[in-house]
Amino acid sequence: MPKILLPGRTIEVPVGGTIESAVSSEGLHPDAYLYLSGSIPVPMDTVLSEESEIKAIRVASGG
């Protein structure tokens with residue numbers, strides 16, 4: 001089952017969904033994170049396969 005490693009927790013998500021939908025379903029804002037597969041950045045519209053393991057890194061922005 002695909003996993004998204006968020007700061008402080010790991011969520012398991014259905015195969016075929018996107019990173020964006022999985023993070024949104026947890027009540028989080030998907031654009032508040034950068035996503036890595038291994039060490040390679042991936043877009044939040046990436047479709048998750050059975051063996052996907054995505055690390056989410058919180059970003060900070062402001063003026």
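The legends below describe close-up views of a predicted model.

**View 1. The open sheet of five strands.** The strand order is β2-β1-β5-β3-β4, and the pairing is mixed. β2 and β4 stand at the edges with a single partner strand each, so one side of each has no neighbour in the sheet. Strands of a sheet pair through backbone hydrogen bonds, in either the parallel or the antiparallel sense.

**View 2. The hairpin of β1 and β2.** Strand β2 covers residues 9-12 and pairs with β1 in the antiparallel sense over four bridges. Two residues lie between the strands of this hairpin. Gly8, in the turn, has a positive phi of about 90°. Leu5 has Thr10 of β2 as its bridge partner.

**View 3. The two faces of β1.** In a regular strand, side chains alternate between the two faces of the sheet. Strand β1, residues 3-6, shows this alternation. Ile4 and Leu6 point to one face and are buried, while Lys3 and Leu5 point to the other face and are not buried.

**View 4. The pairing of β1 with β5.** These two strands run in the parallel sense and are joined over three bridges. Within this pair, Lys3 stands opposite Glu53 of β5.

**View 5. Ser52 in the loop ahead of β5.** Ser52 is found in the loop between β4 (residues 40-41) and β5. With a relative accessible area of 15%, Ser52 falls under the 20% cut-off and is therefore buried. The side chain of Ser52 reaches the backbone nitrogen of Ser49 at 2.8 Å. Leaving aside residues up to four places away in sequence, Ser52 touches Met1, Pro2 and Lys3. Of these contacts, Lys3 belongs to β1 and is the residue opposite Glu53 in View 4.

**View 6. The pairing of β3 with β4.** Strand β3 spans residues 33-37 and pairs with β4 in the antiparallel sense over two bridges. Ser37 stands opposite Ile40 in β4. β4 is one of the edge strands of the sheet.

**View 7. Val59 after β5.** Val59 lies in the segment that follows β5 (residues 53-58). Its relative accessibility is 32%, so Val59 counts as partly exposed. Not counting residues up to four places away in sequence, Val59 touches Asp31, Ala32, Tyr33 and Leu34. Among them, Tyr33 and Leu34 fall within β3. Val59 and Arg9 are 50 residues apart along the chain, and their C-alpha atoms are separated by 16 Å.

Notes: Residues are numbered from 1 along each chain as its sequence is written. This is a predicted model: local features need pLDDT of at least 70, side-chain atom pairs count only at pLDDT 80 or more; totals for chains, interfaces and linings use all residues. Side-chain values use heavy atoms; hydrogens and water are left out. Buried means under 20% relative accessible area, exposed over 50%, partly exposed in between (1.4 Å probe, protein chains only). Contact means heavy atoms within 4.5 Å. A polar contact is a pair of N or O atoms within 3.5 Å; within protein, one must be able to donate a hydrogen and the other to accept it, and residues adjacent in sequence count only if both atoms are side-chain atoms. Two strands pair if DSSP finds at least two bridges between them.
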